[in-house]
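Work through the following exercises with the sequence and the coordinates side by side, and try each task before reading its solution.

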Amino acid sequence: MSIVTVQLGQCGNQIGHEVFNAISSDVHGTHGLCSKKENESYHDACKERFFSEEESEVPLARAVLVDMEPKVISQTLSTAAGSGCWKYDDRSHFCQKQGSGNNWANGYSVHGPRHQEAIMNLVQKEAEKCDRLSGFFTIMSMAGGTGSGLGAFVTQCLRDAFPTSFILNHVIWPYGTGEVIVQNYNSVLTLSHLYQSSDALLVHENDVIHKICAQLMNIKQISFRDVNQVIAHQLGSVFQPTYTAEGGSHYSRNPLGDLMEMLVPHPEFKMLGLRNIPQMPENSLAYSTFSWPGLIKHLRQMLIANAKMEEGIDWQVRPPCLGSSVPSSRSTNKPLHFNTSIANLVILRGKDTHSVDLGSFRDPSLYTSWLKPQDAFNAWKTPRAFNKYEKSASLVSNSQFLLKPLDNVVGKAWNMFASKAYIHQYTKFGIEEEDFLDSFTALEQVISSYTVL
C-alpha cells in the first residue's frame with residue numbers, strides 16, 4: 001500500500017526531501033548485507049510505498065509540497081531532480097509569494113481557507129495515483145506559521161476528505177531556547193488541533209536531534225541539513241519494509257495501519273516518540289561492532305529512563321516492583337523519572353535478528369495496568385540491513401516521554417496568555433481568546449491522562 005506525504009512549510013519540505021533521499025539510497029544501496037533473494041523481496045515491498053515507478057523514468061515521490069513562499073520548494077524540487085535517483089512530480093506543489101510571518105492564525109484562518117481547494121486537489125490527484133492508499137504522512141514544524149497553522153488546517157481537510165485513511169503527523173518540536181517569540185502559542189494551537197483530526201503524532205525534538213549531531217555524529221558546525229538527515233534516518237528505519245509477524249514470510253504492506261494498530265490503543269493517547277541505535281558517523285561504521293544483547297539492553301534503559309540517545313543514560317532508574325502498591329495509588333509509588341509506557345514497538349534490522357531475545361520489553365512493570373503486556377509490546381524484524389548499519393534497532397514508543405516538554409510549552413504559553421502578550425496578532429486573523437482557552441483545556445487533558453498512567 002502507498003503513503004502520500006504532505007510536506008508543509010520550510011521545515012516540512014526540507015525534512016521531506018531528506019526522508020525520500022534516505023529511503024531512495026536504502027533501496028538502491030548495495031549494503032543490504034543479506035541474501036539476493038531477501039534483497040529482491042525487500043525491493044518489491046518498497047516499490048509502491050513512497051514512490052511511483054514509471055517505466056524508464058526515475059521514481060517519482062508520492063508527495064505534495066506546500067509552502068507560502070517559493071524559495072524552499074524550488075530548491076527542493078531542483079535538488080531532488082539533480083540527484084538522478086528520484087524526483088518530485090513537477091505538478092505536485094503549491095506555493096505563494098508571501099509567507100505566514102510565523103503567525104499560526106495567518107496560516108490557519110487566512111491561507112488555509114483561501115487555498116484549500118488548490119491544495120486538496122493536488123492531494124486528491126496523488127491519492128488517485130495509488131492502487132491502494134494506506135494513508136497520509138504529514139511533515140511540519142510546530143513553531144512557525146505555515147507548517148503549523150496551515151498544517152493543522154490541511155490535516156483537518158484530510159480527515160474530512162479521507163475519513164477512513166490513516167493520518168500520521170510528523171511534528172518537529174521547537175528548540176527550548178526559542179526560534180520565534182510566539183512559538184509556544186503556535187505549538188499549543190497546533191498540538192490541540194492535530195489531536196482532534198490525526199490518528200497519531202510522531203514527535204522529534206530539535207534539542208534532542210541537535211545533541212545527537214554533536215555528541216554521536218561528532219559534527220562541529222551543525223546545520224539544519226545535519227539535523228534533518230538524522231531525523232530522516234530514524235523515520236526511514238521505521239517505514240522501510242519489515243516482517244510484522246513472528247517468522248513471517250511476507251513483508252508488511254500497510255505500514256501506517258500496522259503502526260496505529262500496534263501503538264494507539266486509545267484515542268486519548270496519540271503521542272509517539274522514536275529512538276534509534278546505534279547512530280554514528282559513516283566513517284566510524286567500519287570500525288564498530290555491535291551485539292544484539294548490548295543494543296537491546298541500551299534501548300530498554302533508554303525507554304524506562306526516558307533517555308533520548310544512547311549516551312548519558314541514567315542506569316539507576318529501575319521499573320517499579322509490581323504488586324508493591326494498589327493500582328489506584330500506583331502513580332504515586334512509582335520511582336522518580338520512570339517512564340511508563342502504553343505500547344512499544346521494536347524494529348530490528350540486520351543479521352541474526354531471528355535470535356534476538358526481547359523478553360525484557362515484555363516486562364509488565366513497564367506498562368500501564370489496563371493493557372496486557374502481550375498486547376502492549378510488538379516486534380518487527382528483517383535480515384536486510386538499513387543504511388549501512390550491520391545491526392540497528394528502533395523503538396517507537398507511546399509513553400510519558402513528552403510530559404515534561406509538553407508541560408513546559410503549555411506553562412510558558414499560559415504565562416504569556418495571562419498577560420495578554422501578542423494576543424492581538426492572533427485576534428486580527430480571527431483566532432479569539434476562547435480558541436486559546438479551548439486549546440489549553442485540550443492539552444491539559446492530554447497531560448493529565450499521560451500523568452496518571
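Two strands are taken to pair if DSSP finds at least two bridges between them. The model is a predicted one, with a mean pLDDT of 90 for the protein and 95% of its residues at 70 or more.

**Exercise 1.** Determine which strands pair with S1, and establish whether S1 is enclosed or open to solvent.

Solution. Begin with the bridges: S1 is joined to strand S7 (residues 133-141) by 6 bridges, and the two run parallel. Next, 4 bridges connect S1 with strand S4 (residues 63-67), again in parallel. Glutamine 7 illustrates both pairings, since it stands opposite isoleucine 139 in S7 and opposite leucine 65 in S4. Then examine the two faces: Ser2, Val4, Val6 and Leu8 are buried on one side, as are Ile3, Thr5 and Gln7 on the other. Because 7 of the 7 residues of S1 (residues 2-8) are buried, the strand is largely enclosed by the rest of the structure.

**Exercise 2.** Explain why cysteine 85 and cysteine 157 are each too far from the closest cysteine sulfur for a bond.

Solution. The cut-off to apply is a sulfur separation within 2.5 Å. For cysteine 85, the closest cysteine sulfur belongs to cysteine 46 and lies 14 Å away, which is too far for a bond. For cysteine 157, the closest one is in cysteine 95, at 19 Å, likewise too far. As to their surroundings, cysteine 85 is partly exposed at 37% relative accessibility, whereas cysteine 157 is buried at 9%. By this rule the count of disulfides comes to 0.

Key. Residues numbered from 1 in each chain as written. Predicted model: local features only at pLDDT ≥ 70, side-chain atom pairs only at ≥ 80, totals over all residues. Heavy atoms only, no water. Buried < 20%, exposed > 50% of the residue type's maximum accessible area, 1.4 Å probe, protein only. pLDDT = per-residue confidence, 0-100.
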